[in-house]
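Trainee: I am new to this structure and would like a close look at a single part of it, the salt bridges. Could you take me through them slowly?

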Amino acid sequence: TGLIATALGLPDKVPPQNLEAERALLGAALLDAGVVPTLLDISAGAFHKDAHRQVYSAIASLAARGDPVDALTVTEALRQQGSLETVGGPAALAALQEEGAVASNVEAYVAIVREHAVRRETIRVARATMEAAYADEAPIGDTLGTALLGLARLDERLVPDELVGPATFAEEIRAARPLPRLTTGLGIYDGQEGDGGLTFGDLHLLAARPGLGKTASALQIAHHVTHALRRTALFCSAEMSREQIGHRLGRLATPDEIAASGFYIVDPTGPTIRDLAALIRRAHARHAIQLAVLDHAQEIRPARGYKDRRDLEIREIAAECRDLAKRLGIVLLVVSQLNRDVEKRQSPRPILADLRDGGALEELSATVTFLWTSEVGHEDRDVVPVTFSMRKNRHGPPAEWRATFVKPEGRMAARP
């Protein structure tokens, strides 16, 4: 085996690992239970350090029982397993929390830990293959077959096999039910029969020029979901402060009604899309939110810069939103601005090309709805006739709904 290791060029090399990513990932889970579902995307064996595998196993066992996950519960679980001192005691868990406090992208850490685990396993398969080839005890075809099978399994660990066979797919089609939807209280989405709504697992876009009630509409939808439907919603206000949103929501519900509802709010300053995605994941894990509203797209920053290519930044934001909605199975409503081109045309009716900063939002959204008015001087009026135009609908036909924006009340009312 020494000859084999020398031939591989690996006699004294440290196995591939990233202990910093392992510590940050475990520490983040100890600090925030919302991280646990992401952590459980990998197995204990993905961690190189034995102590980290022990901590992971304690977290996984707590999550499997539905018990809360935090530093205290994990400490007690390790103590009951007889491995608390093996991992370094409570001080080691405290150190993990310190590293987890600065963890900003747990999904990236999961990818790093997984990749290094696959690299280690690749080395193991290569060693075993070389040993079998040198030993000359089995037909070479068997040796190659074992090696190829091992490598295929490694590929599945990096990119899980999501193929669905024809028989299974056909059975799913036979058993298919109407797409699950979330009603909104607004006719543009719910339809005349009131049996429509926004589809779960999709990104939905609502766009308008300033002052036409797009934030008011989004708040009205969140209010409907949390009060009429008695479900939970998260309103992420990247533009207005919590106090400003509270003033607007106070037109629709009393403080006591809000306190008894499932309305959650966050108003981060200068958020990146990764920040917001983490917030939404935590809210979904803790409060089972059905609706997340991002107000608005142009106030959200990408995770990395693109050298003055705002269209690429918006594409990253849109893709993250689309993937998040699909992964969590929630309705994700993004409010967006329109560019000024719509004001330069004779017709005030927006078109898809009027979406500000490129078409990625339009491309990745299940529905794109414009809010507009033909009224001149509407900025100075308390009551404004408006039109909702759904120009894209992946699951149905385009639609229009005429409404009245009652500014003092912060709500949209249907009109003939």
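Mentor: Happy to! Let us begin with the term itself: a salt bridge is a side-chain nitrogen of Lys or Arg within 4 Å of a carboxyl oxygen of Asp or Glu. What you see is a predicted model, in which local features need pLDDT of at least 70 and side-chain atom pairs count only at pLDDT 80 or more, while totals for chains, interfaces and linings use all residues. Residues are numbered from 1 along each chain as its sequence is written, and side-chain values use heavy atoms, with hydrogens and water left out.

With that rule, Asp32, Arg282 and Arg286 turn out to be linked in a network of salt bridges. Take the pair of Asp32 and Arg282 from this network: their closest N and O atoms are 2.7 Å apart. Asp32 sits in the loop between α2 (19–31) and α3 (36–39), and Arg282 belongs to helix α14 (residues 273–287), so this salt bridge ties together parts that are 250 residues apart in sequence. Helices here are DSSP runs of H or I with at least four residues, strands are runs of E with at least two, and both are numbered from the N terminus.

How covered are the two partners? We call a residue buried under 20% relative accessible area, exposed over 50%, and partly exposed in between, using a 1.4 Å probe and protein chains only. Asp32 is buried, at 8%, whereas Arg282 is partly exposed, at 24%.

Stay with helix α14 for a moment, as Arg274 lies there too. The side chain of Arg274 meets that of Glu320 in a salt bridge, with 3.7 Å from N to O. Glu320 is part of helix α15 (residues 310–328), and the pair links distant parts of the chain, 46 residues apart. Arg274 is partly exposed, with 29% relative accessibility, but Glu320 is buried, with a relative accessible area of 13%.

Now for a pair within one helix. Arg53 and Asp50 form a salt bridge whose closest N and O atoms are 3.4 Å apart. Both residues are in helix α4 (residues 50–65), three residues apart, and so they are separated by about one helical turn. Arg53 is partly exposed, at 28% relative accessibility, and Asp50 is partly exposed as well, at 37%.

Let us step back to the whole chain. The count of salt bridges by this rule comes to 20. The chain has 49 positive and 55 negative charges, and the mean positions of these two groups are 4 Å apart. For that tally, Lys and Arg are positive and Asp and Glu negative, with His and the chain ends not counted; each charge is placed at NZ of Lys, CZ of Arg, CG of Asp or CD of Glu.

As for the setting, the protein chain holds 17 helices and 11 strands. Its C-alpha atoms fill a box of roughly 85 × 50 × 50 Å along the principal axes. Of its 416 residues, 44% count as buried. Among contacts (heavy atoms within 4.5 Å) with a separation of 6 or more, 67% are between residues 24 or more positions apart.

One more spot to find by eye is Ala111, in helix α7 (residues 106–135). Ala111 is partly exposed, at 38% relative accessible area, and its C-alpha atom is 9.6 Å from that of Asp41, although 70 residues separate the two along the chain.
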